[in-house]
Amino acid sequence: VVSESEDEDMFIAEPTTLSSPLPTYPDNYGTTCWSKPNHNIFKVRSATYLRNRVKLPSAPAVFDCRGVDVWLTDNAERNIARHPSVLGGKLDQEDSFIVNFLLPFGNLVAYFSIPPIEQMPANVAQVWRQFIKGDQQYRDGKLKLLPIVVDGPWIVKKAVGPGTAPAVIGRDLPLQYYFTDPTATKKGVYEVDVLVTASRIARGILNVVKGHTKSLTIAFAFIIEASEESQLPENVLCAFVCHQIHLE
């Protein structure tokens, strides 16, 4: 956007903003964009995990990623789904699962489509149904995050970890849930807010990551923990990749 000054014979370029969601890779010259990862990079509990602790590459993610956003603000927004601008105003066109990371400098948000439960693998349908119907304590103990640095400096890889063991998010970070079941006229929206700002350790890791986002490609997978034989093998619920985010 360019505006002409009335007092000077010059043009002033105003800052531009990226629309919601961010571009998909390799658009935008492969920077400040997102993509869908190869599911094979995420190792999850196998069908025999309870007997031998073996993990194997996950099957494809059950929820499809609809988009990813980075919103820069001094006051990270909770319940981001209520804002009409997210996902180009099209969030309510599908049942959606949303993970909203509240960061010291803004929000990192990922949006996913929820397929009809009868189309999910039976074990995934079981853990998903129990997750959305469970109470706060149950949910906090089930949702896992597995980050993997696909490409980036060694200091970030050391801070994030090797990507072999997912973390139960609610054990280390406060979570808030904004769940609305579908009705005859509205789609369901299931938002999980992750309060990264509440943890000193998480803030420390984030400070390392933030300093290298321009050279960082990082994948995130979300898994609902399977703790019973009937729930195995685990499956990545949903996943996304951030490519070289230029925060300025």
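Which residues of β14 are buried on one side, and which on the other? Let me start there, and say at once that what we are looking at is a predicted model. On one face of β14 sit C238, F240 and C242, on the other sit A239, V241 and H243, and every one of these is buried, so that both faces of the strand are covered. The alternation in that list is what one expects, because side chains in a regular strand point by turns to the two faces of the sheet. Taken as a whole, the strand covers residues 238-243, and since 6 of its 6 residues are buried, β14 is largely enclosed by the rest of the structure.

Now to the strands that pair with β14. Strand β3, which is residues 33-35, runs antiparallel to β14 and is joined to it by 3 bridges, and within that pairing C33 stands opposite H243. Strand β13, residues 217-224, also pairs with β14 in the antiparallel sense, here over 6 bridges, and in this case it is F222 that stands opposite C238. As a general reminder, strands of a sheet pair through backbone hydrogen bonds, and they may do so in a parallel or an antiparallel way.

C238 brings me to the cysteines. How many disulfides does a search of the whole structure find? The search finds 0, and for the bench it may help to recall that a disulfide is a covalent bond between the sulfur atoms of two cysteines. Take C65 as an example: this residue is in no disulfide, and the nearest cysteine sulfur, which belongs to C238, is 7.9 Å away. A pair counts as a disulfide when the two sulfur atoms are within 2.5 Å, so at 7.9 Å C65 and C238 do not form one. Both of these cysteines are buried, C65 with a relative accessible area of 4% and C238 with a relative accessible area of 0%.

Let me turn next to the loops, beginning with the one between β13 and β14, which is where P233 is placed. The peptide bond that joins L232 and P233 is cis, with an omega of about -5 degrees. A cis peptide bond also joins Y25 and P26, where omega is about 5 degrees, and P26 is found in the loop between β2, residues 11-13, and β3.

That loop between β2 and β3 also holds N28, a residue that has a positive phi of about 60 degrees although it is not a glycine. Is N28 buried or partly exposed? With a relative accessible area of 30%, N28 is partly exposed. R53 likewise is not a glycine and has a positive phi of about 60 degrees, and R53 lies in the loop between α1, residues 49-52, and β5, residues 55-57. At 56% relative accessibility, R53 counts as exposed.

I would now like to move to another part of the fold, an open sheet of 5 strands with mixed pairing, whose order is β6-β8-β7-β12-β11. The edge strands of this sheet are β6, residues 64-72, and β11, residues 175-180, each of which pairs on one side only, and from one strand to the next the twist averages 15 degrees. Between β11 and β12, the latter being residues 189-195, there are 6 bridges, and the two strands run antiparallel; in that pairing, the bridge partner of Q176 is D193 in β12. Helix α2, residues 122-133, lies across β7, β11 and β12, and runs at about 100 degrees to β11.

Finally, the chain as a whole. The protein chain contains 6 helices and 14 strands, and its radius of gyration is 19 Å, close to the 18 Å that the globule rule gives for 248 residues, so the chain is as compact as a globular protein of that length. Along the principal axes, the C-alpha atoms fill a box of roughly 75 × 50 × 35 Å. Of the 248 residues, 45% count as buried, and the accessible surface comes to about 13100 Å², of which 52% belongs to carbon and sulfur atoms. Among the contacts in the chain with a separation of 6 or more, 66% come from residues 24 or more positions apart.

Technical notes. Residues are numbered from 1 along each chain as its sequence is written. This is a predicted model: local features need pLDDT of at least 70, side-chain atom pairs count only at pLDDT 80 or more; totals for chains, interfaces and linings use all residues. Side-chain values use heavy atoms; hydrogens and water are left out. Buried means under 20% relative accessible area, exposed over 50%, partly exposed in between (1.4 Å probe, protein chains only). Helices (H or I, at least four residues) and strands (E, at least two) are DSSP runs, numbered from the N terminus. Two strands pair if DSSP finds at least two bridges between them. Axes are lines fitted to C-alpha atoms, for helices over the stretch in contact, and angles run from 0 to 180 degrees between N-to-C directions. Contact means heavy atoms within 4.5 Å. The radius of gyration is taken over C-alpha atoms; the globule rule is 2.2 Å times the number of residues to the power 0.38. Accessible areas come from the Shrake-Rupley method with a 1.4 Å probe; for residues, only the protein chains shown count as cover.
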